[in-house]
There are 2 protein chains.
Amino acid sequence: MKYVTIGEAAARWNIPESTIRYYEKKGLLPFIERDEAGRRLFSERQMALFEIILCLKNTQMPIGDIKQYMDWVAQGDDTVDLRLEMMKKHKQAVQAHIDSMTESLAGIDVKIDRYTNQINQREEERK
Amino acid sequence: MKYVTIGEAAARWNIPESTIRYYEKKGLLPFIERDEAGRRLFSERQMALFEIILCLKNTQMPIGDIKQYMDWVAQGDDTVDLRLEMMKKHKQAVQAHIDSMTESLAGIDVKIDRYTNQINQREEERK
DNA sequence: ATACGACTTAAACCATGGTTTAAGTCAACA
DNA sequence: TGTTGACTTAAACCATGGTTTAAGTCGTAT
C-alpha cells in the first residue's frame with residue numbers, strides 16, 4: 001500500500017501541516033499509522049477519510065461534532081444509523097445556512113443597485 | 001420620529017443587547033443617538049443601517065470590514081464608489097463560498113447514500 | 001420614599017480554531 | 001562524519017467574536 005507523509009498530505013489539501021497535527025490531537029484522525037521513527041503515514045483510506053473531514057469543516061461543522069462522527073466511524077458498522085442521521089441533520093443545517101446567506105445577498109444587491117444608480121446619475125449630471 | 005430602546009432593538013432582531021453594545025464599541029454603529037439619561041435611541045434610519053450590518057454579518061464579513069463600510073457611509077456620498085466596489089467584491093466572495101459549500105454537500109450526499117444502502121441491505125438480510 | 005426594571009460602563013472572561021515556538025530525532029546525501 | 005531537511009512534541013501564543021460581571025444611574029409604579 002502507498003503511504004503519504006504529512007508534508008505530502010498538507011500539500012495535497014493545501015493546508016498547513018500544523019492544522020493536520022491539530023486535527024489529530026483533537027481526535028479527528030483516529031487511524032493514522034506511524035513509521036519506526038514516529039512519523040505519520042497516511043494511507044489511501046486515511047486520505048479518503050480526511051476528504052470527508054474537509055467537507056464537514058468546509059460546511060462549518062464544529063470540531064467536536066466531527067470528532068463524534070469519527071468516533072462512530074472507528075466503532076464500526078453498529079453506528080451506521082447514527083452517522084446517517086447526523087449527516088442528514090447536517091445537510092439540512094447547511095442548506096438552511098445557504099438559504100439564509102442567499103437571502104442576505106438580496107439585501108446586498110439592493111445596495112449594489114442603489115450605489116450603481118447613484119453613480120450613473122452623477123455621470124449624467126456631469127454632462 | 002419614532003425611537004426604539006436597545007431592548008426593543010434586541011428583541012426585534014432576536015440578538016442579545018450585549019451584542020449591539022459590542023458592535024457599537026467596535027464602530028459599527030456610528031449614528032446612535034442618546035436620551036438625556038445616556039440611553040441609546042435607535043431611529044428608523046439606524047434600524048435600516050443595522051439591517052444591512054446583519055446581512056453583512058450573516059454572510060461572514062469580518063467586523064473590521066463592516067466598520068470600514070460604516071466609516072464610508074458616515075463620510076457621505078464621496079465614498080459611494082468605494083462602497084459599491086466593496087459590496088460587489090463581497091457578493092462574489094459569498095457566492096464563491098456558497099458554491100464551495102454546495103460542492104462539499106455533494107461529498108456528504110455520497111455518505112448519506114452509502115449509509116442508506118447499507119441500512120436497507122441489512123433490512124433485506126434480516127428477512 | 002422606595003423598590004423595581006431597564007438601562008449604563010469598563011473590564012474580565014470565554015470558546016473556537018488554529019499557529020508559532022523551542023527543542024529534539026532521524027535519514028540520507030556530500 | 002557531519003550537516004541538511006523533514007519530521008516529532010508540548011506548550012505558549014494569537015485572532016475573532018462575542019458574553020458575563022460588577023457597580024452604578026435613571027424613571028416610574030406602589
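How many salt bridges does the structure hold over all chains? The count comes to 18, and these are a handy way into a model that, it should be said at the outset, is predicted. Two protein chains, A and B, meet each other here, and DNA strands C and D run along their surfaces. The paragraphs below begin inside chain A, move to the meeting of the two chains, and then turn to each DNA strand.

Within chain A, one of the salt bridges joins the side chains of A:Glu24 and A:Arg40, with N and O 2.6 Å apart. This pair links distant parts of the chain, since A:Glu24 sits in helix α2 of chain A and A:Arg40 in strand β2 (residues 40-41), 16 residues away in sequence. Aromatic rings offer another kind of link. A pair of aromatic rings is described by the distance of the centres and the angle of the planes. Over all chains, 6 aromatic pairs are found. Among them is the pair of A:Tyr23 and A:Phe50, which is tilted, with 6.4 Å from centre to centre and 35° between the planes. Because A:Tyr23 belongs to helix α2 of chain A and A:Phe50 to helix α3 of chain A, the pair ties together parts that are 27 residues apart in sequence. Helix α2 of chain A thus carries both A:Glu24 of the salt bridge and A:Tyr23 of the aromatic pair.

The next topic is the interface between the two protein chains. The size of an interface is often given as the accessible area lost when the parts come together. Chain A and chain B bury about 3,300 Å² between them, and carbon and sulfur atoms give 68% of that area. On the side of chain A, the residues that lose the most area to chain B are A:Met101, A:Ile108 and A:Tyr115, which together make up 19% of what that side buries. Each chain brings 35 residues to the contact. Charged and polar groups also take part: 4 salt bridges cross the interface of chain A and chain B, including one between B:Asp81 and A:Arg122, whose closest N and O atoms are 3.5 Å apart. Polar contacts between chain A and chain B come to 15 residue pairs. Helices α3 (44-58) and α5 (80-126) of chain A are the elements that give two or more residues to the side touching chain B. Of these, α5(A) gives the most, with 27 residues. Sorted by class, this side of chain A has 15 nonpolar, 12 polar and 8 charged residues.

Turning to the DNA, strand C is surrounded by 19 residues, and the closest of them come from both protein chains: A:Thr19, A:Lys57, B:Thr5, B:Arg21 and B:Arg40. Where strand C comes within 4 Å of the protein, 81% of its atoms belong to sugar or phosphate, with bases making up the rest. Several approaches to phosphate oxygens can be picked out. A polar side-chain atom of A:Lys57 lies 2.6 Å from one on strand C, and a polar side-chain atom of B:Arg34 lies 3.2 Å from one. For B:Arg40, a polar backbone atom is 2.7 Å from a phosphate oxygen of strand C. The elements that give two or more residues to the surface near this strand are α2 (17-25) of chain A, together with α1 (6-13) and α2 (17-25) of chain B. The largest share, 4 residues, comes from α2(A). By class, this surface has 7 nonpolar, 5 polar and 7 charged residues.

DNA strand D has 19 residues around it, and A:Thr5, A:Arg21, A:Arg40, B:Thr19 and B:Lys57 come nearest. Sugar and phosphate account for 80% of the strand D atoms that come within 4 Å of the protein. A polar side-chain atom of A:Arg21 lies 2.9 Å from a phosphate oxygen of this strand. A:Arg40, already met as a partner of A:Glu24 in a salt bridge, places a backbone N or O atom 2.7 Å from a phosphate oxygen of strand D. In chain B, a backbone N or O atom of B:Ile63 lies 3.4 Å from a phosphate oxygen of the strand. At least two residues of the surface near strand D come from each of α1 (6-13) and α2 of chain A and α2 of chain B, and α2(B) gives the most, with 4 residues. The residues of this surface divide into 7 nonpolar, 5 polar and 7 charged.

Notes:
Residues numbered from 1 in each chain as written. Chains lettered and ligands numbered in written order. Predicted model: local features only at pLDDT ≥ 70, side-chain atom pairs only at ≥ 80, totals over all residues. Heavy atoms only, no water. Contact = heavy atoms within 4.5 Å. Buried area = accessible area lost by both parts, 1.4 Å probe. Polar contact = N/O pair within 3.5 Å; in protein donor to acceptor, adjacent residues only side chain to side chain. Nonpolar A, V, L, I, M, F, W, Y, C, P; charged D, E, K, R; others polar. Near = heavy atom within 4 Å. Phe/Tyr/Trp six-rings, centres within 6.5 Å; stacked < 30°, edge-to-face > 60°.
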